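Please look through the structure below. The paragraphs that follow start from single residues and then turn to how the chains are arranged.

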Number of protein chains: 2
Amino acid sequence: MAVPRRTSRDIRSESRLDVLHAVLSAGETTRNEITRSTGLSPATVATVVGELISEGIVAETKLTAGRVGRPTATLVMNAARGRVVGIDVAETYVRAVMFDAALNQVASAEEPRDEHDLDPASVVESIGRVLDNVLAEGGVTRDAVLGVGVALPGLVQGASGVSVVVPHWTWHKVDLERLRERVGLPLSIDNPLKVIATAELWLGRGRYFSSMVTINLGTGVGAGIVLEGRILRGATNSAGEWGHSLLVLDGRECRCGRHGCVEAYVGAPGIQQTLREIEPDHPLADLALQRDFILSMAEAADGPEPDPAVQETIARTARYLGSALADLVAVINPELVTLTGWTTWALGEHLLAAARERLVEQAPGRSAHDLRLEVSTVRGNSVATGVAIIALERFLSDAGLLTSRVPIAL
Amino acid sequence: MAVPRRTSRDIRSESRLDVLHAVLSAGETTRNEITRSTGLSPATVATVVGELISEGIVAETKLTAGRVGRPTATLVMNAARGRVVGIDVAETYVRAVMFDAALNQVASAEEPRDEHDLDPASVVESIGRVLDNVLAEGGVTRDAVLGVGVALPGLVQGASGVSVVVPHWTWHKVDLERLRERVGLPLSIDNPLKVIATAELWLGRGRYFSSMVTINLGTGVGAGIVLEGRILRGATNSAGEWGHSLLVLDGRECRCGRHGCVEAYVGAPGIQQTLREIEPDHPLADLALQRDFILSMAEAADGPEPDPAVQETIARTARYLGSALADLVAVINPELVTLTGWTTWALGEHLLAAARERLVEQAPGRSAHDLRLEVSTVRGNSVATGVAIIALERFLSDAGLLTSRVPIAL
């Protein structure tokens, strides 16, 4: 594949994204403030704002009288432009979150999934059901929705086209057709790691750093990588599969079939295995559902008399996590690493300090000395949020405002 | 650090690089051919070629009569514009290579270094001596030289400025001043991993792939990463320090002081340690100099009756290498991985097939199925070549033809 040529059209597209991000993060702003915060010229800002207003994405709300000269128009995202829905398909649940066009969350719906039910038809039906439910919850019909994004693990793009290879599931094109039919709305599908990177770029700190990595901690673990304001996808859309890089050569068996992967140590089932190694008969060692396990771990660690086996499990997990993060820092050398995902929300505070200490010890040279390691500022379900943003990007791209940065969305 | 804004000036700079690369790789070409191969507009090509000719970088050699219309001018790199020198400072030798401005190698000089002598003053003197020798060898004086590049391991850039931290050596600003004085020519200094990536981008395959990684195998090991035609430097210029990512948690002690690094297994001393583990009394197990050891390994493996301990050492090294490459593929997901460095030249053919097999087994999903793993097409010393190119880039940048892509060269 040749290196894509960068054109002046891409630069215009990026200016539009910069302005959108400036309006989003400010809440309320003005053309002058956008000029200052983006570094774009006043003429470019005026043009871009005009385009975004004429597409109904940005709205002028009121005129504020300045000290001198004409009154200044206040700009906001036009929340009323429509809705977007993001759906996070995880192994343990399917969750839909509806946003207005200003990316405020307006409704959500979730159903648990039996993590042992791998039937693709039931997944499609699950997605359809939570979508119907979130629309009902938000009190809108399909014609109010600009687009739906679905995050599916394992979406890959190869020389022979796009396909979805979910670990353990058997997805085929026909199921995607069925999904498209069941959704009945403009549909974008992407990989969770690209999706959390998108959320960081739009709503988190990705815009302010020339290189950042966001780590998803859940059943699986992985990294979303943002370099100079762009998401690293890789040749087959599988960049960031840090969860399946080696932590221990010939180590624990991973559910991917290989041995010693990071995920086998810091994914939720890996953490449970660590507890089992420490105290095989511990009451939490055999909890059947991962989320119950992680929440119970947090509870046991938070109590007035913390459980020693739980403490030791957390300490070992932090050491594994810090070592594995150091590998990522060795290769990418980012300015910022953020943590997200449901294990982070439950155990992040317990893991962070020890993981940071290990990371600084293990990363080469000074590469981690100035590195920031933080819990992500994108709150809520960043997978659902990120893929809703991709649905919005798709809408803007179809309106001719963005050059396509969603090459593999189906 | 904010994300650097991309400007139309950058696009012009990239157009100039594209045209330069097109002339370089074609040897002899025409404006029409450049238009076809770069995808730039004829007007842009005409403008850029004009600029490069007026700076004496590109020359028109002759007119070729076409079938119709006016005769066509043939374009070549203007080799006579001046010389650039690249100096590879390794732990076991210092090598200088002189190129003309068309990047043809015209002279070289080398002196071995005692890998146990860590005195920085002796390194400066060594660099000065090989520079003097390569000038003498090429029959030119300093005024014929456009610039000198020096590749030093451990060059870092932090919030507090640029410094050189060579493992085991103690470099300080004062030594850099001394180096600058001793060289007495426009001097660029960069890290070997950024330098081999630059060589791949100018002379190798980096221009033709949207993502590639080039692996340096020598005393140390590391990765040069090229994404969409740009070199990944990272926050502190230490991206690509894959040699110090983990292969085995709590594994062999690495000379960086940590345990289980990739380098401790596939760096030359690591390969020797593997042999020592297989057969402690093997005659090659105690060879004092690494390059002697690697060359002797190649000899023993090439013979009519290959030495079984050597065979086993190579098999284990290939397995280590393939596993470690799979980690890099998991994170970066490149289209192409190339191998370079003196261990590659000696043992690459012995390692490649088994390393590839292991890589495909170990990389997540399908990320390695279409991946190419090859010995680099940049022949000779790609560190010296790459840093000579950086010296040429610096010259072009000072002439106003390129926006600075050499942010940390001193």
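How exposed or buried is A:Leu103, judged by its C-beta neighbours inside 10 Å? The model is a predicted one, and in it A:Leu103 has 17 C-beta neighbours inside 10 Å. A residue is buried from 20 such neighbours upward and exposed at 12 or fewer, so A:Leu103 counts as partly exposed. The residue sits in the loop that joins strand S4 (93–100) to strand S5 (105–112) of chain A. Its backbone also deserves a look: the phi angle of A:Leu103 is near 65 degrees, which is positive, and the residue is not a glycine. Most residues other than glycine have a negative phi.

A second case of this kind is found in chain B. B:Asn237, also not a glycine, has a positive phi of about 65 degrees. Its place is the loop between strand S12 (230–231) and helix H7 (263–266) of chain B. Is B:Asn237 buried or exposed? With 22 other C-beta atoms within 10 Å, B:Asn237 is buried.

B:Pro304 gives the opposite result on that scale. B:Pro304 has 4 other C-beta atoms within 10 Å and is therefore exposed. This proline belongs to the loop between helix H9 (290–302) and helix H10 (308–332) of chain B. From B:Pro304 to B:Ile57 the C-alpha to C-alpha distance is 51 Å, and the two are 247 residues apart in sequence.

Now to the arrangement of the chains. Two copies of a chain are related by a rotation about an axis and a shift along it. Here, a turn of 180 degrees with a shift of 0.0 Å along the axis lays chain A on chain B with an RMSD of 0.0 Å. The two copies are therefore related as by a two-fold rotation axis. In chain A, the C-alpha nearest this axis belongs to A:Val248, at 2.4 Å from it.

What does the contact between the chains consist of? On the two sides, 56 residues of chain A are in contact with 55 residues of chain B. Helix H1 (8–26), strand S7 (155–158) and helix H10 (308–332) of chain A each supply at least two residues to the side of chain A that touches chain B. The largest share comes from H10(A), with six residues. By type, the residues on this side of chain A divide into 26 nonpolar, 19 polar and eleven charged. Of the interface residues of chain A, 98% are also interface residues in chain B, so the copies meet through the same surface.

Conventions:
Residues are numbered from 1 along each chain as its sequence is written. Chains are lettered from A and ligands numbered from 1 in the order in which they are written. This is a predicted model: local features need pLDDT of at least 70, side-chain atom pairs count only at pLDDT 80 or more; totals for chains, interfaces and linings use all residues. Copies are superposed by least squares on the C-alpha atoms of residues with pLDDT of at least 70 in both. Two residues are in contact if their C-beta atoms, placed from the backbone, lie within 7 Å. Helices (H or I, at least four residues) and strands (E, at least two) are DSSP runs, numbered from the N terminus. Ala, Val, Leu, Ile, Met, Phe, Trp, Tyr, Cys and Pro count as nonpolar, Asp, Glu, Lys and Arg as charged, and the others, Gly among them, as polar.
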